[in-house]
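Here's a quick tour of the packing inside this protein, with an eye on its nonpolar cores and its rings. Have the model open as you read.

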Amino acid sequence: PGNSPRHLRQMSLDFRPDKAALNPRNLFRCVGFTPVDNGYAVSYPAYSWADGLTLAGDCLGAKAIKTESGSVRLFFGSAAKIEEYVLATGLVDRSKAGGYATSTNRWCFSQGLAASEVIATNYADEMQISTGTGFSNLANAPKAKIVVAQSNALVALNYSSGGVAVANGVWASDRGSSTTWA
């Protein structure tokens, strides 16, 4: 209650990553906040970690994603698995059937086009989608190092398609479709 960060509804912060490091008005670290149209809002409640909770391997990427119901899903990617932290049970394996190539590539997670979609990519494996509990291959999507949802499309950055790597490439899905990549 009161001034605790967990209870802040929204606050305006001056986020200017292009400014010089010596400018004291810049926001250098922001944990637990999500950018909104006119500032920042608290994005998820604090999690209390159980003793002995360990991932399947080194964490190669993590993301908290808010669903349409307002709940938060917390994902972790390791070399061979995608796991979700579920408050009642701990870590749950959400990997696609057959798992993933053992890779040291970082996982990138993003909200999908629909509020129920979570997208994951690590460049070594097919791009992944989850609309419920588990992940599966996202049909027709390129392999990518980074994926974001922007302007009602998924945008893949530093992608590879058909074995051809495009290091600084940008490829977007059709607007409104996670599975159409023309």
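## Two rings to start with

Are Trp-107 and Phe-109 buried or exposed? Both Trp-107 and Phe-109 are buried (under 20% relative accessible area, with a 1.4 Å probe and protein chains only).

This is a predicted model, where local features need pLDDT of at least 70, side-chain atom pairs count only at pLDDT 80 or more, and totals for chains, interfaces and linings use all residues. Residues are numbered from 1 along each chain as its sequence is written, and side-chain values use heavy atoms, leaving out hydrogens and water.

## Aromatic company

There are 6 aromatic pairs (Phe, Tyr and Trp rings, the six-membered one for Trp, with centres within 6.5 Å). Trp-107 and Phe-109 have ring centres 6.2 Å apart and planes at 25°, so they count as stacked (planes under 30 degrees apart). Together with Phe-75, Tyr-100 and Phe-135, they form one aromatic cluster.

## The cores

The largest nonpolar core (buried Ala, Val, Leu, Ile, Met, Phe, Trp, Tyr and Cys residues joined through side-chain atoms within 4.5 Å) has 13 residues, and Ile-119, Met-127, Leu-138, Val-147, Leu-154, Ala-156 and Trp-181 touch the most other members. Strands E11 (143-150) and E12 (153-161) each supply at least two of its residues (strands are DSSP runs of at least two residues, numbered from the N terminus). E12 gives the largest share, 3 residues.

A second, separate core of 10 residues includes Leu-60, Tyr-100, Trp-107 and Ala-120.

Definitions and conventions: Buried means under 20% relative accessible area, exposed over 50%, partly exposed in between (1.4 Å probe, protein chains only). Helices (H or I, at least four residues) and strands (E, at least two) are DSSP runs, numbered from the N terminus. Rings of Phe, Tyr and Trp (its six-membered ring) pair if their centres lie within 6.5 Å; planes under 30 degrees apart count as stacked, over 60 as edge-to-face and the rest as tilted.
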